[in-house]
Amino acid sequence: MVYLIEAGELRPDRPDAAGKRVCVTDFSALAEAAGVLGEDVHILEGCLRGGMSKHESHERFDYLSVSVCDARDPLAPPVRLCAFLTKDALVILSDGTGETGKALAGLCVPGTRCGEPARLICACLDRLTADDYLALESIEREVTGLEEALLSSRNHDYCIREIAGLRRRLMALKSYYEHLIAICEGVRENENGVADKHTLRAFRLLEQRAARLGNSVLNLRDYVTQVREAYQAQVDIDLNKIMKVFTVITAIFLPLTLVAGWYGMNFKMPEYGWRFGYPLVIAGSLVVVAALLIYFKRKKWF
């Protein structure tokens, strides 16, 4: 769909009218996009071959590509959003799905305020990141819940799986915001003069938001690391408790093992001919066990 920027608003295109234009379409309609830009379609195809998020300044236009990540589900396949930008035209290419499609559908309608073509792509990226703080707050609540579950010793195996999943989600968001910051920096260099000062200010504000979101992601990643370390500390404490129990049991039965070894020797001992010898050994063993139990209890070793 092609729109004409007239009196600071998007209007349905009129081929005979002079003015700046915005084209919003999918990747299959690259020929139409090339006609709006006045560029060779093969040049645009060359730009689209690189799938990563980036900004490039070519001879007559700027090209930017964003792999849009949904902050609520960062591990979902990202939606690719590409834009070709000149002083007088903007071409946005997208498959029109997910939040990206909704943002474009809400912005690219007749009557939308749009002084410059570049301002529209900035408004789209701004809308896509507007609610990311809420998604990060949701992730923070998840981390807090995992921390409480670890402290109460409930289902540690489940917690460690959740920690691994959170780290992957945060890494995806970190990469997304870093790419978004780099794109904003590239646009603000304005080598082709495709943006006016108001648009550059809008991109600067978007860059600052992406930087704040990136810092929040880093803080959450540190929080997850602390929770993982707390989990490891809890595992070590539980293991120490188990080893303490085995140590106490070993210490209790060590004297009995000595008695058994002593009387298991193949020598004739005086106790063998005494009718109270066997009961005395049993009583002595019980006394030793009781004494050790009392001693360990007083030391609070179990």
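Me: In which sense do S4 and strand S5 pair, and over how many bridges?

Reply: Good place to start! Strands of a sheet pair through backbone hydrogen bonds, either parallel or antiparallel. In this predicted model, S4 and strand S5 (residues 62-68) take the antiparallel sense, with 4 bridges. A hairpin of 4 residues links S4 to S5. To see one bridge for yourself, find His 55, whose partner in S5 is Leu 64.

Me: How many strands does the sheet hold, and in what order do they come?

Reply: There are 7 strands in an open sheet, and the order is S2-S1-S3-S7-S6-S5-S4, with mixed pairing. At the edges you will find strand S2 (9-12) and strand S4 (54-57), each pairing on one side only. From one strand to the next, the twist averages 20 degrees.

Me: What joins S5 to S6, and what joins S6 to S7?

Reply: Take them in turn. S5 and S6 are antiparallel, with 7 bridges between them. Two places to look are Leu 64, with Ala 83 as its bridge partner in S6, and Ser 65, which stands opposite Cys 82 in S6. S6 and S7 also run antiparallel, joined by 5 bridges. One pair there is Phe 84 and its partner in S7, Val 91. Between S6 and S7 lie 3 residues, and the two strands form a hairpin.

Me: Are the residues of S5 and S6 mostly buried or exposed?

Reply: A general idea helps here: in a regular strand the side chains alternate between the two faces of the sheet. Now look at the two strands. S5 is mostly covered, with 6 of its 7 residues buried. For S6 the count is also 6 buried residues of 7.

Me: Which helices should I look for against the sheet?

Reply: Look for helix H1 and helix H4. Helix H1 (residues 30-37) packs on the sheet and touches strand S1 (2-6), strand S3 (20-25), strand S6 (79-85) and strand S7 (89-94). The direction of H1 makes about 165 degrees with that of S7. Helix H4 (residues 117-129) lies across S1, S2, S3, S5, S6 and S7, and runs at about 160 degrees to S6.

Me: Where is Ser 53 found, and what does Ser 53 touch?

Reply: Ser 53 sits in the loop between helix H2 (41-48) and S4. Its relative accessibility is 10%, so Ser 53 counts as buried, the cut-off being under 20%. Leaving out residues up to four places away in sequence, Ser 53 touches Ser 65, Val 66, Ser 67, His 179 and Ile 183. You can also compare sequence with space: Ser 53 and Leu 128 are 75 residues apart in sequence, and their C-alpha atoms are 15 Å apart.

Me: How many salt bridges does the structure hold, and which residues meet in them?

Reply: Side chains of opposite charge can pair when their charged atoms come close. The structure holds 8 salt bridges, and we can visit some of them. Among them is the pair of Glu 56 and Lys 54, at 2.9 Å from N to O. Glu 56 is partly exposed, at 23% relative accessibility.

Another salt bridge brings together Arg 169 and Glu 142, at 3.1 Å from N to O. Arg 169 belongs to helix H6 (residues 156-189) and Glu 142 to helix H5 (residues 132-151), so this pair ties together parts 27 residues apart in sequence. Arg 169 counts as buried at 17% relative accessibility, whereas Glu 142 is partly exposed at 29%.

Then there is Glu 207 with Arg 188, at 2.8 Å from N to O. Because Glu 207 lies in helix H7 and Arg 188 in helix H6, the pair ties together parts that are 19 residues apart in sequence. Glu 207 is buried at 13% relative accessibility, and Arg 188 is partly exposed at 32%.

Me: What span should helix H7 have, and where does H7 bend?

Reply: An α-helix has 3.6 residues a turn, so residues three or four places apart point the same way. For the span, use 1.5 Å a residue: the 67 residues of helix H7 (residues 197-263) should then span 99 Å. The end C-alpha atoms of H7 are 98 Å apart, which agrees. As for the bend, H7 turns by about 30 degrees at Leu 254, and a proline, Pro 255, follows within four residues.

Note on methods: Residues numbered from 1 in each chain as written. Predicted model: local features only at pLDDT ≥ 70, side-chain atom pairs only at ≥ 80, totals over all residues. Heavy atoms only, no water. Expected span 1.5 Å × (residues − 1). Bend = angle between axes of the 7 residues up to and from the residue. Salt bridge = Lys/Arg side-chain N within 4 Å of Asp/Glu carboxyl O. Buried < 20%, exposed > 50% of the residue type's maximum accessible area, 1.4 Å probe, protein only. Pairing = 2+ DSSP bridges. Axes fitted to C-alpha atoms, helices over the stretch in contact; angles between N-to-C directions. Contact = heavy atoms within 4.5 Å.
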